[in-house]
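Here is a short report on one protein. Look over the structure first, then read on.

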Amino acid sequence: MAKLANHEVAVVMIPLPAQGHLNQLLHLSRLISAYHLPLHFAGTTVHLRQAKNRVQGWDPLSISNIKFHEFTIPNYETPLPNPNSITKFPSQLMPSFHATCHLRHPISSLLHELSRNYRRVIVIYDSLIAWVLQDAPSMVNVECYSLRCISACSIHSWDKSSVTPEFTEYTRVQFEFREIINSGNLYNSCYEIEGLYLDLLGKEKSARNKQWAIGPLNPVKLFDKRDSKKTHKCINWLDEQEPNSVIFVSFGTTTTLSDEEIKELAIGLEKSQQKFIWVLREADKGDIFTGESREVELPEGYEERVKNRGLIVRDWAPQLEILGHASTGGFMSHCGWNSCMESISMGVPIVAWPMHSDQPRNAVLVTEVLKIGLVLRDWVVRDELVSSVAVAECVKRLMDSAEGDKMRQRAMELSKSVEDGGGSGKEMDSFIAHITR
């Protein structure tokens, strides 16, 4: 990694206020700050607090050289997620997305101030929040680069059936602004994982829109904090299990399961006779710090019956640490792109249950292209209830069969191939050389 002490160039990060997007921009901030560039991270007060509270996998002290700019915006609705909605898309987050339009003027003021003090100001923005940068073209020394927080595979073959009309319209507006301001694209991916799709996207772009595949953005070697008195109960429990014996069950921050789905999943995990950690929590609201969340009920006596084999977690869990633990041998996932990249970089195969957005395409990538996973629920039959029988069979196939062992082997090989690439590799060096030219 190049060591720079270049105070002629400042970098500003602007995330979309949803956990998977905040997470990627914060991980990228850590990587860029290692090049000793002044780094600014701008967003709403509540969402910057959310990002900092949940960061994992690296030394929290390394955040100290990132300057956070917290902006207050007018109040917006924070509806509860609807477990019985006809679509799994997290519509409860849309008011918080629309409210980001109020960031335009404070971010414009920040860029004006920085542009007077630096030769060049580099803005790295989430591709879904381009409208806050519509004043950037008036500042001659400001350049804007879009971080695409989903897979190249999903971008190349986007499917509108996986989102709502409201979100489709929101993205249309963002992409109109992106066409005006954009100088290049960054991807949380790498050629070892998505070479075919990155090449296809590269052919579609104009010379003006350069691209860099700088993933995985998450740490591939975790910060060792075993001296900490705050080790999560999940990690202590995993320490007592055999290698590759536990399946981690988690559907991210935007998925809400119905009572019926939870009951079938619970029974299926019990029937599988496999060890598991299950993160059973509601999807995020637009403000995670306000209001009550639904308390999900499991079948009567369930936790007592599975206590020697399963651990149920009802709060925030350190996913990256769990996936990086030697006892974790599988991951039942919604196939959000953060989860896919974390699972791949930790060498853990996936049981795929996609819910919305890019997740159906990611599931295809994991199961059919990379061949490091099994399909639990095919997107074509997304309206059908996933049965406990299907859950049990899929979990046993991954955790207790020769087929599953081969997938684990392939996942480990893929993990090793990305270990020295991604955020610490030549693509990141190339991007830094470009913005500091």
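## A residue in the core

Start at Ile-322 in this predicted model. Set aside the neighbours within four places in sequence. Ile-322 is then in contact with Cys-234, Ile-235, Leu-238 and Phe-248. Ile-277, Ala-317 and Thr-328 complete its list of contacts.

## Two nonpolar cores

Ile-322 belongs to the largest nonpolar core, which has 42 residues. Together with Ile-193 and Ile-277, Ile-322 touches the most other members. There is also a second, separate core of 36 residues. Its members include Val-12, Phe-89, Met-94 and Val-123.

In soluble globular proteins, nonpolar side chains tend to be buried together.

## Overall fold and size

The protein contains 16 helices and 13 strands. Contacts often link distant parts of the sequence: among those with a separation of 6 or more, 78% join residues 24 or more positions apart.

How does the radius of gyration compare with that of a compact globule? For 437 residues, such a globule would have a value near 22 Å. The protein has 21 Å, which agrees. Its C-alpha atoms fill a box of roughly 65 × 45 × 45 Å along the principal axes.

## Inside and surface

What percentage of the 437 residues count as buried? The value is 60%. The protein exposes about 18,200 Å². Carbon and sulfur atoms supply 50% of that area.

Charged side chains come in two sets: 47 are positive and 53 are negative. The centres of these sets lie 4 Å apart.

Technical notes. Residues are numbered from 1 along each chain as its sequence is written. This is a predicted model: local features need pLDDT of at least 70, side-chain atom pairs count only at pLDDT 80 or more; totals for chains, interfaces and linings use all residues. Side-chain values use heavy atoms; hydrogens and water are left out. Helices (H or I, at least four residues) and strands (E, at least two) are DSSP runs, numbered from the N terminus. The radius of gyration is taken over C-alpha atoms; the globule rule is 2.2 Å times the number of residues to the power 0.38. Buried means under 20% relative accessible area, exposed over 50%, partly exposed in between (1.4 Å probe, protein chains only). Contact means heavy atoms within 4.5 Å. Accessible areas come from the Shrake-Rupley method with a 1.4 Å probe; for residues, only the protein chains shown count as cover. Lys and Arg count as positive and Asp and Glu as negative; His and the chain ends are not counted. The place of a charge is taken as NZ of Lys, CZ of Arg, CG of Asp or CD of Glu. A nonpolar core is a set of buried Ala, Val, Leu, Ile, Met, Phe, Trp, Tyr and Cys residues joined through side-chain atoms within 4.5 Å.
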